[in-house]
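Biologist: I am new to this structure. Could you show me how to read it, one feature at a time?

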Amino acid sequence: PVDAGASPTQKPRERPPVVYSLSVVEEYDHDPGAFTQGFLHDRACDEATGACEDIFYESTGLYGETSVRQVDLKTGRVLRRRNAAARHFGEGLAKWGDELIQLTWQRPTTLVYNASGASLPLIREAKTDLKDGWGLTNDNASLIATDSGHTLYFLDPKNLTTTRKVDVLDGSQRVNYLNELEYVEGEVWANIWQTECIARIDPSTGKITGWILAYNVWHKEMVKSNALGLLHEMDVLNGIAYDGATKRLWITGKKWSTVYEVEVRVNENADLFNASSGASFELQ
């Protein structure tokens with residue numbers, strides 16, 4: 001219904017984003033040395049038996065540590081791995097057909113790997129028309145990328161050129177630092193760099209429809225990492241993977257020891273400002 005107090009020429013007020021919280025369903029081991037930059041779910045199937053296992057594909061960053069990996073979901077064991085040349089700083093990752101496409105930081109360079117190869121061989125280097133690479137996902141029609149700012153870029157998977165772009169807004173406020181991405185049931189979900197927030201974005205308009213607060217999961221990980229002596233200065237939330245067939249969702253972060261399977265629920269009482277940014281870790 002239209003706001004009763006609005007004049008006939010006024011637009012109805014936009015509905016504010018819904019605030020969500022996370023509950024942990026299951027925990028899985030994750031390589032704490034992995035500086036996670038891209039993260040997605042897939043299945044590896046045995047051609048002879050038809051049996052399939054849940055896996056993640058993961059992109060890691062940092063100069064001299066950049067890689068693409070296939071990881072067993074249940075154990076966290078790295079099944080296949082391809083290290084990139086030391087000049088590359090890996091970023092977002094998406095699977096397109098039988099190829100894994102990895103962005104690189106502060107460059108238009110894109111690394112393309114054979115997802116079916118025994119060691120994920122590098123097929124070629126390509127270039128986007130972006131100056132920087134951060135997050136990457138796809139909607140089965142286009143690749144969707146970010147470049148550290150507030151824009152989603154829709155790329156032609158064949159030549160990696162931008163065919164469309166949309167600014168991401170919470171009301172009239174631009175939302176910057178869109179990082180690791182996942183396409184979930186018609187929405188783009190984006191980690192916001194150095195926060196414990198995930199933005200749910202309508203890709204047709206760029207409007208944020210919801211905020212997922214992941215502070216409780218982040219804090220759980222910090223307690224675990226501290227106990228293991230694995231705290232890292234950049235161990236921020238940065239990894240979303242989704243299985244559309246089973247509706248399962250996982251999150252992880254840079255240098256995290258754990259991948260968390262989580263469920264999303266509406267949080268009517270959340271304090272978005274206090275729970276979403278600049279959190280500091282203190283042992284209780």
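Modeller: Start with strand β20, residues 237-243. Five bridges join β20 to β21, and the two run antiparallel. Keep in mind that this is a predicted model.

Biologist: Which residue stands opposite W250 of β21?

Modeller: A241 stands there, across from W250.

Biologist: How many residues lie between β20 and β21 in their hairpin?

Modeller: Four residues lie between them. One residue in that turn is K247, with a positive phi of about 65°.

Biologist: Which strand pairs with β21 through three bridges?

Modeller: That is β22, residues 258-266, again antiparallel. Look at W250 once more: its bridge partner in β22 is E261. β21 and β22 also form a hairpin, with four residues between them. In this turn, K255 has a positive phi of about 65°.

Biologist: Is β21 mostly covered or exposed?

Modeller: To judge cover, take buried to mean under 20% relative accessible area. Strand β21, residues 248-253, is mostly covered, with six of its six residues buried.

Biologist: Which residues of β21 point which way?

Modeller: R248, W250 and T252 point one way. L249, I251 and G253 point the other way. All of these are buried.

Biologist: Now a sheet. In what order do the four strands of the open sheet come?

Modeller: The order is β2-β3-β4-β5, with antiparallel pairing.

Biologist: Why is one side of β2 and of β5 left without a neighbour in the sheet?

Modeller: β2 (36-45) and β5 (78-83) stand at the edges. Each has a single partner strand, so one side of each lacks a neighbour in the sheet. From one strand to the next, the twist averages 15°.

Biologist: How many bridges join β2 to β3?

Modeller: Nine bridges do, and β3 covers residues 52-60. The two strands run antiparallel. For a pair to find on screen, take R43, which stands opposite D54 in β3.

Biologist: Let us step back to the whole protein. How many helices and strands does the secondary structure come to?

Modeller: Two helices and 22 strands.

Biologist: What radius of gyration does the protein have, and what would a compact globule have?

Modeller: With 284 residues, a compact globule would have a radius near 19 Å. The protein has 19 Å, which agrees. Its C-alpha trace spans about 65 × 50 × 40 Å along the principal axes.

Biologist: What share of the residues counts as buried?

Modeller: Of the 284 residues, 49% do. The exposed area is about 13,600 Å², and carbon and sulfur atoms supply 49% of that area.

Note on methods
Residues are numbered from 1 along each chain as its sequence is written. This is a predicted model: local features need pLDDT of at least 70, side-chain atom pairs count only at pLDDT 80 or more; totals for chains, interfaces and linings use all residues. Side-chain values use heavy atoms; hydrogens and water are left out. Two strands pair if DSSP finds at least two bridges between them. Axes are lines fitted to C-alpha atoms, for helices over the stretch in contact, and angles run from 0 to 180 degrees between N-to-C directions. Buried means under 20% relative accessible area, exposed over 50%, partly exposed in between (1.4 Å probe, protein chains only). The radius of gyration is taken over C-alpha atoms; the globule rule is 2.2 Å times the number of residues to the power 0.38. Accessible areas come from the Shrake-Rupley method with a 1.4 Å probe; for residues, only the protein chains shown count as cover.
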